[in-house]
Amino acid sequence: MSATRIMIFGGPGAGKSRLALRLSRVLDIAVYCVDGAVHDEKGKLRPNSEIDCTVRSWASKHQWIIEGGNSRTYSDRASRATVLVCMKPPRWLRVYRVAIRDKLNFSSLYWSFKYDEVFGFKDDLTLSSVGRDIATYKIRTNKDADELLKILARNNCSSSL
């Protein structure tokens with residue numbers, strides 16, 4: 001199994017960006033952040049059609065690590081991914097990280113807290129609906145993330161020999 005297209009998803013504050021950057025350094029694969037497609041340079045929200053088009057264009061590339069939400073494009077990414085990573089740390093940890101990162105922004109805190117009830121089923125459905133040839137991982141702790149880095153680095157090294 002070669003990790004050439006990695007989809008990372010999960011709630012706000014789950015550690016998606018951090019893991020994506022770490023994987024990018026180890027595997028030498030470009031990272032695309034869904035949040036970057038959501039807002040323009042001035043912080044204005046882009047239309048859904050533009051966001052979806054951008055994310056789908058990333059997913060059509062030969063190699064990528066795409067991290068972030070936008071469940072409208074989950075199936076596009078999952079169908080091309082060689083690895084799916086669902087970030088599922090405890091809710092209290094996600095909320096804490098968002099509070100620190102976003103300076104107690106109420107909207108960010110709210111969505112971090114409510115993510116599991118509103119979007120969690122889509123994450124679970126995505127993990128369970130892929131074929132057996134796609135490696136899936138559920139990351140709950142930093143130790144899990146460290147182990148995933150070791151596994152993917154080792155597999156990529158052996159597949160490139």
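Where is the place of Arg-101? Arg-101 sits in helix α5. A reminder before we go on: this is a predicted model.

Let's stay with that arginine. Is Arg-101 buried or exposed? Neither, quite: Arg-101 has a relative accessible area of 48%, so it counts as partly exposed. Now its surroundings. Leaving out residues up to four places away in sequence, Arg-101 touches Pro-12 and Gly-13. Gly-13 is 88 residues away along the chain, yet its C-alpha atom and that of Arg-101 are separated by 8.4 Å. There is also a local partner. The side chain of Arg-101 makes a polar contact of 3.0 Å with the side chain of Asp-102.

Next, the helix itself. Helix α5 covers residues 91–101. Its buried residues include Leu-93, Arg-94, Val-98 and Ala-99. Note the arginine in that set: Arg-94 is buried, whereas Arg-101 is partly exposed. Helix α6, residues 106–118, is part of what covers the buried residues of α5. Just after α5, Lys-103 has a positive phi of about 55°.

On to the pocket. The largest one has a volume of about 1100 Å³. Its lining has 44 residues, and the closest to the centre are Gly-11, Pro-12, Lys-16, Asp-35 and Gly-69. Pro-12 we have met already, as a contact of Arg-101. Several helices give two or more residues to the lining, among them α5, α6 and α7. Which element gives the most? That is α1, with 5 residues. By type, the lining splits into 17 nonpolar, 15 polar and 12 charged residues.

Helix α7 brings me to Thr-126. This threonine lies in α7, residues 120–128. At 9% relative accessibility, Thr-126 is under the 20% cut-off, so it counts as buried. What does its side chain find there? A polar atom of that side chain lies 2.8 Å from the backbone oxygen of Lys-122. Beyond its neighbours within four places in sequence, Thr-126 is in contact with Met-7, Phe-9, Tyr-74, Ala-78 and Leu-84.

Last, the strands. Leu-84 falls within strand β4, residues 83–87. Strand β4 runs parallel to β5, and 5 bridges join the two. Within that pairing, Val-83 stands opposite Ala-135. Which residues of β5 point to the buried face? Ala-135, Tyr-137 and Ile-139 do. Thr-136 and Lys-138 point to the other face and are not buried. Side chains in a regular strand alternate between the two faces of the sheet. Strand β5, residues 135–139, shows that alternation.

Methods. Residues are numbered from 1 along each chain as its sequence is written. This is a predicted model: local features need pLDDT of at least 70, side-chain atom pairs count only at pLDDT 80 or more; totals for chains, interfaces and linings use all residues. Side-chain values use heavy atoms; hydrogens and water are left out. Helices (H or I, at least four residues) and strands (E, at least two) are DSSP runs, numbered from the N terminus. Buried means under 20% relative accessible area, exposed over 50%, partly exposed in between (1.4 Å probe, protein chains only). A polar contact is a pair of N or O atoms within 3.5 Å; within protein, one must be able to donate a hydrogen and the other to accept it, and residues adjacent in sequence count only if both atoms are side-chain atoms. Contact means heavy atoms within 4.5 Å. On a 1 Å grid over the protein atoms alone, a cavity is a set of points where a 1.4 Å probe fits but cannot get out, and a pocket is an open set with protein on both sides within 12 Å along at least five of seven lines; lining residues have an atom within 4 Å of a point. Grid points are joined across faces, edges and corners, and a volume is the space filled by probe spheres set on the points. Ala, Val, Leu, Ile, Met, Phe, Trp, Tyr, Cys and Pro count as nonpolar, Asp, Glu, Lys and Arg as charged, and the others, Gly among them, as polar. Two strands pair if DSSP finds at least two bridges between them.
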